[in-house]
Amino acid sequence: MAVTIEDLYRSYGVLADAKDDLSQHKDAYQVILDGVKGGPKEKRLAAQFIPKFFSSFPELADSAINAQLDLCEDEDVSIRRQAIKELPRFATGENILRVADILTQLLQTDDTAEFNQVTGSLIAIFKMDAKGTLGGLFSQILQGEDIVRERAIKFLSTKLKTLTEEVMTKEVEDYVFAETKKVLEDVTGEEFVLLMRVVSNLRVLQTVNGRQQLVELVVEQAFLEQVLNTADPDLVDRLLQCTRQALPLFSKNVHSTRFITYFCEHVLPNLSALTSPVPELDIQLEVLKLLAEMSPYCGDMDKLEPNLSMLFTKLVEFMPLPPDEAENGENSAMEEPKLQFSYVECLLFGFHQLGKKLPDFLIEKVDAESLKDFKIRLQYFARGLQVYIRQLRVALQGKTGDALKTDENKMKVVALKITNNINVLIKDLFHNPPSFQELGHSVLETGAEVGGSGAEAPLRDARQIYNPPSGKYSATIGNFTNEQRGGFRGRGRGFRGNRSRGRPY
């Protein structure tokens, strides 16, 4: 016979009046459990009554949790939300892992209100037993369905950092780090970024030693022991993603040496052959920016001279010679060399940073003919630079406030900062011997492209020297995540390739 509303209230009354003798009324609690088989009203009452007396009937714990789980899967979303809201009341003792596991699976819902309720319940049991809750989350991340895994990782990346030190103790953070390393054995690129966000926010890893551990974690994923296949966009994307994750970790005590060495030995020699992960990405400029951003944090380097030579070679490639002089002493009216300011600034900056470690490189390691050629290129570039700087200053003269906030003028301000910085770098290299002063602002902080592909600056026609970048990438150069590719899926050591996820990365 089906349980009615009256039966539920009667049983509730018996248990509420029993006070210390609840265990004597097992039959009354069983009636409440059977309420999950009734209609919508009975189910709503059962969702509230079952957890209220749950702790008094340990012998019925499995039945009670299963009954509540049935309500969490009900067709009526309001019943589901009520049942989910009450789930934390079951999270006692050994049940915490099971409740966390259930709540993690429930993250797959597409109902916004229900999803928020699941998230709220997970946060609630976190505050009761953080390590036990994490056990349920990581269990699903490692073994659960794709959608559950994806949402569990996103939950960790957004919610862990909001929890207090009382909840996220050192023991709990150590557990997060250990479990995350297991997950990183087989991840997509998007998952890698999110998991690095999780561990990077751990307080226990904010020391020099902690940040070094994080760099080691990224190095394992970056395949720095392998030659880069420049024709494989997934492998190129992996390297870019790993480098971006490592960048914020570098400092004067946590060095970027292995990444810089890899870039100089395997990436720069094949720069023009790199296959871009996405069409709108200027892959060469992206690589040069990353290299330049890492360069201030380079430590002692075993192959400093050959790596500096490679930087020097690339710098020369991007700095054109002056056009041939015509018989009348004027420049030929044929094609003018194009000045790629952003590329050159990155290479100059990187060369300048590594050059500090071998200050006699240009004097003793470069032959006289090559040095003469370099200075001719440098001088020609500097002339074009001065024309460009004057034009930018004239264009910005007298502009203040809102006038400087237009897209065009913002780009001109950025361009002026870049060109001024290049000017300082060039002056340093013209010193005899070359000077390597500490530098201030760099293009690397501006996130813009000036004089790159689609925006080169011919020296002759002053009106053509400044053009805002036409590509979409310029505005988002520091935030590229490439969420549509699978660069981290099944790629040899560290990526088992046995996880068949049905979603695109």
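Where is the place of Thr-109? Select Thr-109 and you land in the loop between α6 (95–105) and α7 (112–128). Keep in mind on this tour that you are looking at a predicted model.

**The whole chain**

Before going further into that loop, zoom out and colour by secondary structure. The protein has 20 helices and 2 strands. Of its 505 residues, 53% count as buried. If you switch on a surface, its accessible area is about 23,500 Å², and carbon and sulfur atoms account for 48% of that. Contacts tell you about the fold too: taking those between residues at least 6 apart in sequence, 74% join residues at least 24 apart.

**Stop 1: the loop between α6 and α7**

Go back to Thr-109. Is this residue buried or exposed? Thr-109 has a relative accessible area of 14%, so it is buried. Leaving aside residues up to four places away in sequence, show Glu-114, Phe-115 and Arg-151, which Thr-109 touches.

Now select Asp-111 together with Arg-81. Their side chains meet in a salt bridge, at 3.8 Å from N to O. Asp-111 belongs to the loop between α6 and α7, while Arg-81 sits in helix α5 (residues 77–86), so the pair ties together parts that are 30 residues apart in sequence. Asp-111 counts as partly exposed, at 27% relative accessibility. Arg-81 is also partly exposed, with a relative accessible area of 28%.

**Stop 2: the largest nonpolar core**

Next, select Tyr-29, Ile-50 and Phe-374. These are the residues with the most contacts inside the largest nonpolar core, which has 153 residues. Helix α19 (residues 368–396) gives the most to this core, with 11 residues.

Centre on Phe-374 and show its surroundings. Which residues does Phe-374 touch, not counting those up to four places away in sequence? You should find Phe-312, Leu-315, Val-316, Met-319, Leu-362 and Leu-429.

**Stop 3: helix α15**

Select residues 283–294, which make up helix α15. At 1.5 Å a residue, these 12 residues should span 16 Å; the end C-alpha atoms are 17 Å apart, which agrees.

Why can α15 be called largely enclosed by the rest of the structure? Because 10 of its 12 residues are buried. To see them, show Ile-283, Leu-285, Glu-286, Val-287, Leu-288, Lys-289, Leu-290, Leu-291, Ala-292 and Met-294. Notice that the charged residues Glu-286 and Lys-289 are on that buried list. Then display the neighbours: the cover over the buried residues includes α13 (233–246), α14 (257–267), α16 (304–318) and α17 (341–355).

**Stop 4: salt bridges around α14**

Helix α14 is a good place to look at charged pairs. Side chains of opposite charge can pair when their charged atoms come close. Across the whole structure, a search finds 23 salt bridges.

Select Glu-216 and Arg-258 for one of them: their closest N and O atoms are 2.5 Å apart. Glu-216 lies in helix α12 (residues 208–222) and Arg-258 in helix α14, so this pair ties together parts that are 42 residues apart in sequence. Glu-216 is partly exposed, with a relative accessible area of 31%. For Arg-258, also partly exposed, the value is 42%.

Stay with α14 and select Glu-265 along with Lys-303. The two side chains form a salt bridge of 3.6 Å, N to O. Here the link runs between distant parts of the chain, from Lys-303 in the loop between α15 and α16 to Glu-265 in helix α14, 38 residues apart. Lys-303 is partly exposed, at a relative accessible area of 46%, and Glu-265 is partly exposed as well, at 32%.

Now select Glu-150, Lys-154 and Glu-190. Salt bridges that share partners join these residues into one network.

**Stop 5: Tyr-9 in the helix α1**

For the last stop, select Tyr-9, found in helix α1 (residues 5–18). Tyr-9 is partly exposed, with a relative accessible area of 47%. What does Tyr-9 touch, leaving out residues up to four places away in sequence? Show Leu-45 and Phe-49 to see the contacts. You can also draw a distance from Tyr-9 to Ala-46: these residues are 37 apart along the chain, and their C-alpha atoms are separated by 9.8 Å.

Key. Residues are numbered from 1 along each chain as its sequence is written. This is a predicted model: local features need pLDDT of at least 70, side-chain atom pairs count only at pLDDT 80 or more; totals for chains, interfaces and linings use all residues. Side-chain values use heavy atoms; hydrogens and water are left out. Helices (H or I, at least four residues) and strands (E, at least two) are DSSP runs, numbered from the N terminus. Buried means under 20% relative accessible area, exposed over 50%, partly exposed in between (1.4 Å probe, protein chains only). Contact means heavy atoms within 4.5 Å. Accessible areas come from the Shrake-Rupley method with a 1.4 Å probe; for residues, only the protein chains shown count as cover. A nonpolar core is a set of buried Ala, Val, Leu, Ile, Met, Phe, Trp, Tyr and Cys residues joined through side-chain atoms within 4.5 Å. The expected span of a helix is 1.5 Å times one less than its number of residues. A salt bridge is a side-chain nitrogen of Lys or Arg within 4 Å of a carboxyl oxygen of Asp or Glu.
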